Amino acid sequence: MARVLVTVGMGPWPFDRLVAAVAPLCAAHEVFVQTGTSTVTPPCPYAAFLPLDDLRERLAAADVVITHAGNTVRLVQRLGRVPVAVAREAARGEMGNDHQVAYLREEERSGRVVAVWDVADLPAVVAAHPERQRRLVAERPLPGAVDGERLADTLDALCARLVR
């Protein structure tokens with residue numbers, strides 16, 4: 001039994017497709033779902049929104065994080081882990097455009113993420129995640145975090161060029 005955190009983000013768009021697909025996982029794992037504005041109620045503990053500190057604690061404690069293809073992908077990666085990500089799709093009314101689809105395709109090609117394009121695959125993806133995560137962490141190390149001082153110097157230099 002894995003501890004699974006599912007998070008759909010803080011935006012105004014519901015992600016009913018992902019929240020509904022969680023039901024089989026709830027029967028086999030310890031699952032918590034952050035549902036956002038979704039209209040589907042999962043059969044396991046959930047909350048519409050979480051304070052950032054609570055979300056960070058849950059991310060750190062989870063064995064598997066299933067997330068929309070948004071900012072949470074990077075939060076999970078920075079914890080040294082591999083997120084399972086599902087892109088919101090504009091044609092399904094899950095987002096105003098398909099930027100999450102484009103982002104997830106790029107991350108799938110070069111990044112450290114498990115992309116899920118058919119939510120019916122989630123139970124198999126979760127079952128295979130420990131081994132897949134170990135392999136991806138070894139094969140695709142993340143670049144180091146940006147040095148804040150160096151970033152500020154770079155931005156100052158760019159701003160100086162703009163005001164000339």
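This is a guided tour of a predicted model, moving from the whole chain to its sheet and then to its largest pocket.

**Start with the whole chain**

Show everything as a cartoon and turn the model around once. The protein chain has seven helices and six strands. If you trace the chain from its start, the elements come in the pattern β-α-α-β-β-α-β-α-β-α-β-α-α. Along the principal axes, the C-alpha atoms fill a box of roughly 60 × 35 × 30 Å. Of the 164 residues, 42% count as buried. Among contacts with a separation of 6 or more, 57% come from residues 24 or more positions apart.

**Colour the strands**

Next, give each strand its own colour. The six strands form an open sheet, and reading across it you meet β3-β2-β1-β4-β5-β6, with parallel pairing. The edge strands are β3 and β6 (114-115), each of which pairs on one side only. As a reminder while you look, strands of a sheet pair through backbone hydrogen bonds, either parallel or antiparallel.

**Select β1, residues 3-7**

This strand sits between β2 and β4 in the sheet order. Four of the five residues of β1 are buried, so the strand is largely enclosed by the rest of the structure. On one side, β1 and β2 pair in the parallel sense over five bridges. Show Arg 3 and Glu 30, which are bridge partners here, then add Val 4 and its partner in β2, Val 31.

On the other side, β1 is joined to β4 by four bridges, again in the parallel sense. Val 4 appears here too, standing opposite Val 64 in β4. Further along, Thr 7 stands opposite Thr 67 in β4.

**Move out to β2 and β3**

Select residues 30-34 for β2 and residues 46-47 for β3; these two strands pair in the parallel sense over two bridges. Is β2 enclosed or open? Four of its five residues are buried, so β2 is largely enclosed by the rest of the structure.

Now show the residues that link the two strands. Val 33 has Tyr 46 as its bridge partner in β3, while Gln 34 stands opposite Ala 47.

Stay with Ala 47, which lies in β3. Which residues does Ala 47 touch, once its neighbours within four places in sequence are left aside? They are Phe 32, Val 33, Gln 34, Thr 35 and Gly 36. For a distance to check in the viewer, pick the C-alpha atoms of Ala 47 and Phe 32: they are 8.2 Å apart, and the two residues are 15 apart in sequence.

**Cross to β4 and stop at Val 64**

Select residues 64-68. This is β4, a mostly covered strand in which five of the five residues are buried. Zoom in on Val 64, which lies in this strand. Val 64 is buried, with a relative accessible area of 2%.

Display what surrounds Val 64. Beyond its neighbours within four places in sequence, Val 64 is in contact with Arg 3, Val 4, Leu 5, Arg 81, Val 84, Val 126 and His 129. One more distance is worth drawing: the C-alpha atoms of Val 64 and Ala 2 are 7.2 Å apart, although 62 residues separate the two along the chain.

**Follow the chain from β4 to β5**

Add helix α4 (residues 72-78) and β5 to your selection. Together with β4, they make a right-handed β-α-β unit. Strand β5 covers residues 84-86 and runs parallel to β4, with three bridges joining the two. To see one of the pairings, show His 68 in β4, opposite Val 86 in β5.

**Finish at the largest pocket**

Keep His 68 on screen, as it helps to line the largest pocket. Which other residues should you select for the lining? Add Thr 7, Gly 9, Met 10, Gln 34, Leu 50, Leu 52, Leu 55, Asn 71, Thr 72 and Leu 75. The elements giving two or more residues to this lining are α3 (52-61) and α4.

Thr 7 and Gln 34 will be familiar: you met Thr 7 opposite Thr 67, and Gln 34 opposite Ala 47. Show a surface here and you are looking at a pocket of about 160 Å³. Colour the lining by character, and it divides into five nonpolar residues, six polar and no charged.

How values were computed
Residues numbered from 1 in each chain as written. Predicted model: local features only at pLDDT ≥ 70, side-chain atom pairs only at ≥ 80, totals over all residues. Heavy atoms only, no water. Buried < 20%, exposed > 50% of the residue type's maximum accessible area, 1.4 Å probe, protein only. Pairing = 2+ DSSP bridges. Right-handed = clockwise from strand over helix to strand, strands pointing away. 1 Å grid on protein atoms, 1.4 Å probe; cavity = no way out; pocket = protein on both sides within 12 Å on 5 of 7 lines; lining within 4 Å. Points joined across faces, edges and corners; volume = space filled by probe spheres on them. Nonpolar A, V, L, I, M, F, W, Y, C, P; charged D, E, K, R; others polar. Contact = heavy atoms within 4.5 Å.
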